[in-house]
Amino acid sequence: MEEITYAQLIMTIFSAAVTGFIARLWRKIDKRDREREEQRRQEEARRQQELAEELTFKNAMREGMRAVLRDRIIQMASFCMKQGHTQVYMVENMTHMFNSYTDLGGNGGVRHIFDQFMELPVVQEEAKKGGAA
């Protein structure tokens, strides 16, 4: 049997220590990478949740605004149809509301009401009583 020299023994111990150190370092780097990936996934999930909440909020706002516009269009048209006429400022308001309503996706029966409103005669606003003539 060959005798092991101190140099061989030192080299064996040194290479075992270096191998252990490299393995430990590799595990540490791998753990850090997995933690970063998990953190990235959690951040992405949080962003997706925020986007979904924002979209839900925007949809609710759009639906609510469309409902308010629909209600105002119907109220104004009903009022003017009962009077049998409308005024210039009401035509302007109605046109603006109807355009906004359709931009928000509104349609259906309101188009028919709007068309009926637009057929009403437009009269001049009466001078206020008690004012200078």
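## Salt bridges along helix α1

E44 has a relative accessibility of 29% and therefore counts as partly exposed, and in this predicted model its side chain forms a salt bridge with R47, the closest N and O atoms being 2.8 Å apart. R47 is likewise assigned to the partly exposed class, at 37% relative accessibility. Both R47 and E44 belong to helix α1, where a spacing of three residues places them about one turn of the helix apart.

A salt bridge with a three-residue spacing also joins R40 and E37, with an N to O distance of 2.6 Å, and both of these residues lie in helix α1, about one turn apart. R40 is partly exposed at 44% relative accessibility, and E37 is partly exposed at 30%. R40 and E37 are, moreover, members of a network of salt bridges that links them with E38 and R41.

The pair R46 and E50 is four residues apart in helix α1, a separation of about one helical turn, and the closest N and O atoms of their salt bridge are 2.3 Å apart. The relative accessible area is 38% for R46, which is partly exposed, and 40% for E50, which is partly exposed as well. The count of salt bridges in the model comes to eleven.

## The nonpolar core

In soluble globular proteins, nonpolar side chains tend to be buried together. Here the largest nonpolar core has 15 residues, of which I73, M76, M94 and F117 touch the most other members. Helices α1, α2 and α3 each supply at least two residues of this core, while α2 gives the most, with six.

Around M94, once neighbours within four places in sequence are left aside, the contacts are with I73, M76, A77, F114 and F117.

## The buried face of helix α3

Which residues of helix α3, spanning residues 109–118, are buried? They are V110, F114 and F117, and, seen down the axis of α3, these buried residues fall within an arc of 60°, so they line one face of the helix. The elements that cover them include α1 (6–83), β1 (86–87) and α2 (88–103).

## Q87 in strand β1

Strand β1 contains Q87, a residue that counts as buried because its relative accessible area of 17% is under the 20% limit. When residues up to four places away in sequence are not counted, Q87 touches V122, V123 and E125.

How values were computed
Residues numbered from 1 in each chain as written. Predicted model: local features only at pLDDT ≥ 70, side-chain atom pairs only at ≥ 80, totals over all residues. Heavy atoms only, no water. Buried < 20%, exposed > 50% of the residue type's maximum accessible area, 1.4 Å probe, protein only. Arc of directions from axis to C-beta. Contact = heavy atoms within 4.5 Å. Core = buried A, V, L, I, M, F, W, Y, C linked by side-chain atoms within 4.5 Å. Salt bridge = Lys/Arg side-chain N within 4 Å of Asp/Glu carboxyl O.
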